[in-house]
Amino acid sequence: QVQLVESGGGLVQPGGSLRLSCAASGSIFRFNSMGWYRQAPGKERELVAHITSGGPTTYADSVKGRFTISRDSAKNTVYLQMNSLKPEDTAVYYCMAAPPVNWGKGILVTVSS
């Protein structure tokens, strides 16, 4: 069972940027699929961004052009660069790696003035 630890969250003003990191306890080479999900209060968890081992990425329409997902296999880490943040981006962000499906504990991102 791999451990996924998220970091880089916090409070940021609208229009600001944050970079989330997801560090895995072992090699991420075995994971064909890695991604970031988020869950806002009172809402279901939703996909934010996804990256495969081959490199292709997928983004939710709401974050296209603002967020960028990347993976560094040498560091066993996946990143989510978030720019032009909006209040509606406020949520707990979770890292995911599969197969099998593994989840991090989540990290809070708050966008507010």
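**Contacts, fold and local geometry of an all-strand model**

Leaving aside neighbours within four places in sequence, Ser21 is in contact with Val5, Glu6, Ser7, Trp36, Thr77, Val78 and Tyr79. The model is predicted. Ser21 sits in strand E3, which spans residues 18-24. Its relative accessible area is 15%. Buried means under 20%, so Ser21 counts as buried.

A second serine was examined in the same way. Ser33 belongs to strand E4. Ser33 is also buried, at a relative accessible area of 17%. Residues up to four places away in sequence were again not counted. Ser33 then touches His50, Ile51, Met96, Ala97 and Ala98.

The overall fold was considered next. The protein has 11 strands and 0 helices. Along the sequence, the pattern therefore reads β-β-β-β-β-β-β-β-β-β-β. The radius of gyration is 13 Å, close to the 13 Å that the globule rule gives for 113 residues. The protein is therefore as compact as a globular protein of that length. Taken along the principal axes, the C-alpha atoms fill a box of roughly 40 × 25 × 25 Å.

Burial and contacts were computed for the whole protein. Of the 113 residues, 44% are buried. Among contacts with a separation of 6 or more, 54% join residues 24 or more positions apart. The exposed area is about 5900 Å². Carbon and sulfur atoms supply 51% of that area. There are 11 positive and 7 negative charges. The mean positions of the two sets lie 6 Å apart.

Aromatic rings were then searched for pairs. The structure holds 1 aromatic pair. Its members are Tyr37 and Trp103, with ring centres 5.0 Å apart. The ring planes meet at 75°. Planes over 60 degrees apart count as edge-to-face, so the pair falls in that class. Tyr37 lies in strand E4 (residues 33-39), and Trp103 lies in strand E10 (residues 102-103). The pair therefore ties together parts that are 66 residues apart in sequence. Trp103 is partly exposed, with a relative accessible area of 37%.

Strand E4 is followed by a loop that leads to strand E5 (46-52). Pro41 is placed in this loop. At 72% relative accessibility, Pro41 counts as exposed. Pro41 and Lys64 are 23 residues apart in sequence. Their C-alpha atoms are 22 Å apart in space.

Backbone geometry drew attention to the loop between strand E9 (91-98) and E10, where Pro99 is located. Pro100 lies in this loop too. A cis peptide bond joins Ala98 and Pro99, with omega at about -5°. Another cis peptide bond joins Pro99 and Pro100. Here omega is about -20°. Ala98 is also one of the residues touched by Ser33.

Positive phi values were found at two residues that are not glycines. Asn76 has a phi of about 50°. Asn76 is placed in the loop between strand E7 (67-72) and strand E8 (77-82). Ser84 likewise has a positive phi of about 50°. Ser84 lies in the loop between E8 and E9. At 40% relative accessibility, Ser84 counts as partly exposed.

Key. Residues are numbered from 1 along each chain as its sequence is written. This is a predicted model: local features need pLDDT of at least 70, side-chain atom pairs count only at pLDDT 80 or more; totals for chains, interfaces and linings use all residues. Side-chain values use heavy atoms; hydrogens and water are left out. Helices (H or I, at least four residues) and strands (E, at least two) are DSSP runs, numbered from the N terminus. The radius of gyration is taken over C-alpha atoms; the globule rule is 2.2 Å times the number of residues to the power 0.38. Buried means under 20% relative accessible area, exposed over 50%, partly exposed in between (1.4 Å probe, protein chains only). Contact means heavy atoms within 4.5 Å. Accessible areas come from the Shrake-Rupley method with a 1.4 Å probe; for residues, only the protein chains shown count as cover. Lys and Arg count as positive and Asp and Glu as negative; His and the chain ends are not counted. The place of a charge is taken as NZ of Lys, CZ of Arg, CG of Asp or CD of Glu. Rings of Phe, Tyr and Trp (its six-membered ring) pair if their centres lie within 6.5 Å; planes under 30 degrees apart count as stacked, over 60 as edge-to-face and the rest as tilted.
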